[in-house]
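Me: I'm new to this and would like a close look at one part of this protein: its aromatic rings. Could you walk me through how they pair up, and then show me the setting they sit in?

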Amino acid sequence: MRIDIVTIFPTFFDALDISLLGRAREDGILEVGVHDLRDFTHDRHRTVDDKPYGGGAGMVMKPEPWGEALDAILGEQVPDDGADREGGPIVIFPSPAGEVFTQAMARELSAADHLVFGCGRYEGIDHRVFDYAGSRASVRLVSLGDYVLNGGEVAVMAMIEAIGRLIPGVIGNPESLVEESHEDGLLEYPSYTKPASWRGLDVPPVLMGGNHGAIATWRRDAQIERTKSVRPDLLPPAQSP
Ligand code: ADE
């Protein structure tokens, strides 16, 4: 997969050099390009924002640098002819006004060949940028959740980590992905390791008994109990309290 990121804080993404995603880049599974939006400006101050039309607080990101950045990244890949975009690049703008990011969306996006993330700052990006990007590629506005961040960088980092680890070959043991929170619509069960007793707290005996059926039942019940108490909204109607 190729990932391009447009931001005014390129060093923010230095963290992609480390850990699992850093290794995936070394192995050639993941290719990442980080682009400084200010490199696509032409004035002395490398200006990327201006006052909003209609008034109001804060500044809005200007469309011109965004248009040039998107042209440079998308190149000739997708002609502006309204053709079917299936399988083409997907441009994602993190925004508190977007659809909420989920594990299902991470899995869907992990199958793409090319993702482009555009990190907004200030009061947002001139809306015509989304329309223009939509004429060149599939566009999605995606929110990390119902709260407001100062800009899109943190949200993009979170999305790249969630998507990247689902790309085949990035995680050594793909079985470890199967029993995680959100993969089967429930929160994951609690895990334990040695010692069996620690500071007066014991590992549930069933996990040490070697009865695989009993362990599976205990884990499933623990998942349902945990989901009921912390995230009842995730349960199908029949299991809701
Ligand atoms: N930018 C600002 N707030 C955000 C959020 N909640 N999700 C994604 N991008 C954002």
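Reply: Sure! The count of aromatic pairs here comes to 3. Keep in mind that this is a predicted model.

Start with Phe12 and Phe13, which form a tilted pair, with 5.5 Å from centre to centre and 55° between the ring planes. Are these two rings buried or exposed? Phe12 counts as partly exposed because its relative accessibility is 35%. Phe13 has a relative accessible area of 3%, so Phe13 is buried.

Now look at Phe93 and Phe130. Their rings meet edge-to-face, 4.8 Å apart centre to centre, with 70° between the planes. Phe93 lies in strand E5 and Phe130 in helix H4 (residues 128–136), so this pair ties together parts that are 37 residues apart in sequence. Both Phe93 and Phe130 are buried. They also have company: Trp66 joins Phe93 and Phe130 in one aromatic cluster.

That brings us to the setting. In soluble globular proteins, nonpolar side chains tend to be buried together. The largest nonpolar core in this model has 32 residues, and those with the most contacts inside it are Ile3, Ile5, Phe101, Leu115, Phe117 and Ile163. Several elements each supply at least two residues of this core, among them strand E1 (2–7), strand E6 (114–118) and E5. Helix H5 gives the largest share, with 7 residues.

Phe101 is a good residue to click on. Leaving aside neighbours within four places in sequence, Phe101 is in contact with Ala106, Leu109, Val142, Ser143, Leu144, Met159, Ala162 and Ile163. And Trp66, from the aromatic cluster, turns up in a second, separate core of 19 residues, which also includes Leu37, Ala69 and Val91.

Strand E5, the home of Phe93, has another role to look at. Spanning residues 90–100, E5 gives the most to the lining of the largest pocket, with 5 residues. This pocket holds about 440 Å³ of space. It is lined by 26 residues, and Pro94, Ser95, Pro96, Gly120 and Gly124 lie nearest its centre. By class, the lining has 14 nonpolar, 10 polar and 2 charged residues.

Phe101 shows up at a pocket too. The second largest pocket has about 330 Å³ of space. Its lining has 14 residues, and Phe101, Thr102, Gln103, Ala104 and His182 are the closest to its centre. Helix H3 (residues 103–109) supplies the largest share of that lining, 3 residues.

Methods
Residues are numbered from 1 along each chain as its sequence is written. This is a predicted model: local features need pLDDT of at least 70, side-chain atom pairs count only at pLDDT 80 or more; totals for chains, interfaces and linings use all residues. Side-chain values use heavy atoms; hydrogens and water are left out. On a 1 Å grid over the protein atoms alone, a cavity is a set of points where a 1.4 Å probe fits but cannot get out, and a pocket is an open set with protein on both sides within 12 Å along at least five of seven lines; lining residues have an atom within 4 Å of a point. Grid points are joined across faces, edges and corners, and a volume is the space filled by probe spheres set on the points. Helices (H or I, at least four residues) and strands (E, at least two) are DSSP runs, numbered from the N terminus. Ala, Val, Leu, Ile, Met, Phe, Trp, Tyr, Cys and Pro count as nonpolar, Asp, Glu, Lys and Arg as charged, and the others, Gly among them, as polar. A nonpolar core is a set of buried Ala, Val, Leu, Ile, Met, Phe, Trp, Tyr and Cys residues joined through side-chain atoms within 4.5 Å. Buried means under 20% relative accessible area, exposed over 50%, partly exposed in between (1.4 Å probe, protein chains only). Contact means heavy atoms within 4.5 Å. Rings of Phe, Tyr and Trp (its six-membered ring) pair if their centres lie within 6.5 Å; planes under 30 degrees apart count as stacked, over 60 as edge-to-face and the rest as tilted.
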